[in-house]
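Trainee: I am new to this structure and would like a close look at a single part of it, the buried interior. Please take me through the residues and strands there step by step.

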Amino acid sequence: MKRFLYILLLPLSILCSCIYEDEADCCRPTKVRVEMAVRPDPLMTVTRSADEYAIRDLNFYLYNDNGESVLHRYQTSATLRFECLPGSYRMRIAANMSRDLGENPASEDFTVSHADEYDMLPMAYEGEVSIPSSDETIVLPTVEVQRVVAKVTYNISVAPDAGDIRLHSVQPVNLPARAQVFDPGRRAAEYTAGEIVGSSSQTLTGTFYMLPNLQGEVPSIADQRDKGPANAPADATFLRIRALRGSKVLDYCVYPGGNNTSNFDIRANTHYTLDITIRGDAEVDTRIRAYTVEGQCTPEAALSNGF
């Protein structure tokens, strides 16, 4: 007589035993596969440099409700692939930091310093993400990282009726020396000046990048001619433009910001364009300081060190 052996296959969920006493459910959830692309957020105006869109490396973090880092990835690819438990997380991405920041970086590790030139622009993203349970790979929406720096373009020219004025140089002043990528609005503790760009003509055009500098509003300024050193916040960023009119040196201070009058904020991921026309050296324009340089050479009777 033939005998048949029947095996009953039970669902895996029934066979799962409860070994985690502190879990609300009997079984601990399994990790899910997640994929997400990262790309730069467009500047507020059209840019012309391909490097402004380049991503060289990523430091990726997931934080739980207690603010603890539960996942870290450092990679050179702009597509993130990782596994984690389903749930809600705080996500941070620091791009183009040029180094692995480690598993549990301190706030000062997310600091970038001013540079006259950048190979790649530092970028960052911070936000909430919810990852559901799934047997398939979860593809999250593409994350757009924002540039930590602002872009400033200046176009300086001398008006035809001031044709005897020659431009000498331009230099950005009061640039924040350092900034935190996840808190770009914080006031800087230290400021620096940018490089001096020389000229000997009547036009000068250039671009530079700077860390954000939020200096707020001065409501009393109603005319852009009053947006000068006498009324500006002490640490507000400005362009120092020097020009020559005969023996007189003209010192122009032009302040960028959210408007032409009262605002002195330079925000991250924003492109500011300054079209500046020099019309003269009138003292009524508080952006202009004029002084005369005089020198004389008096030969000494005896040589000193060959001179």
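Mentor: A residue is called buried when its relative accessible area is under 20%, and that cut-off is needed from the start. Please keep in mind throughout that this is a predicted model. In the chain, which has one helix and 22 strands, buried residues make up 41% of the 307 residues. Of the contacts with a separation of 6 or more, 75% are between residues 24 or more positions apart.

Let us begin with H72, which sits in strand β3, residues 69-75. H72 has a relative accessible area of 9%, and because that value is under 20%, H72 counts as buried. Its side chain makes a polar contact of 2.9 Å with the side chain of D100, and it also reaches the backbone oxygen of F60 at 3.3 Å. Once neighbours within four places in sequence are left aside, the residues in contact with H72 are N59, F60, Y61, D100, G102 and E103, so that both polar partners, F60 and D100, appear in this list as well.

From this polar setting we can turn to the nonpolar interior. In soluble globular proteins, nonpolar side chains tend to be buried together. The largest nonpolar core here has 24 residues, and those that touch the most other members are Y154, I156, I165, L167, L239, I241 and I278. At least two residues of this core come from each of the strands β10 (150-158), β11 (166-173), β16 (203-210), β18 (238-245), β19 (248-254) and β21 (271-278), with β10 giving the most, namely five residues. There is also a second, separate core of 23 residues, and among its members are L58, L62, F82 and I131.

Within strand β10 we find I156, which is buried because its relative accessibility of 2% is under 20%. Not counting residues up to four places away in sequence, I156 touches L167, V170, Q202, T203, L204, I241, I276 and I278. One of these pairs shows how the fold joins separate parts of the sequence: I156 and L204 are 48 residues apart in sequence, yet their C-alpha atoms are 5.0 Å apart in space. Another member of the largest core, L239, touches Y154, V170, Q171, P172, F208, Y252, C253, V254, L274 and I276, again without residues up to four places away in sequence.

It remains to see how β10 is held among other strands. Strands of a sheet pair through backbone hydrogen bonds, either parallel or antiparallel. Here β10 belongs to an open sheet of three strands, in the order β16-β10-β21 and with mixed pairing, where β16 and β21 are the edge strands, each pairing on one side only. From one strand to the next, the twist averages 15°. Strands β10 and β21 run parallel and are joined by eight bridges, and one residue pair to look for is T153 with its bridge partner T273 in β21.

As a last stop, consider strand β20, residues 263-266, which is covered on both faces: N263 and D265 on one side, and F264 and I266 on the other, are all buried. Strand β17, residues 213-217, pairs with β20 in the antiparallel sense over three bridges, and the bridge partner of N213 in β20 is I266.

Conventions: Residues are numbered from 1 along each chain as its sequence is written. This is a predicted model: local features need pLDDT of at least 70, side-chain atom pairs count only at pLDDT 80 or more; totals for chains, interfaces and linings use all residues. Side-chain values use heavy atoms; hydrogens and water are left out. Helices (H or I, at least four residues) and strands (E, at least two) are DSSP runs, numbered from the N terminus. Buried means under 20% relative accessible area, exposed over 50%, partly exposed in between (1.4 Å probe, protein chains only). Contact means heavy atoms within 4.5 Å. A polar contact is a pair of N or O atoms within 3.5 Å; within protein, one must be able to donate a hydrogen and the other to accept it, and residues adjacent in sequence count only if both atoms are side-chain atoms. A nonpolar core is a set of buried Ala, Val, Leu, Ile, Met, Phe, Trp, Tyr and Cys residues joined through side-chain atoms within 4.5 Å. Two strands pair if DSSP finds at least two bridges between them. Axes are lines fitted to C-alpha atoms, for helices over the stretch in contact, and angles run from 0 to 180 degrees between N-to-C directions.
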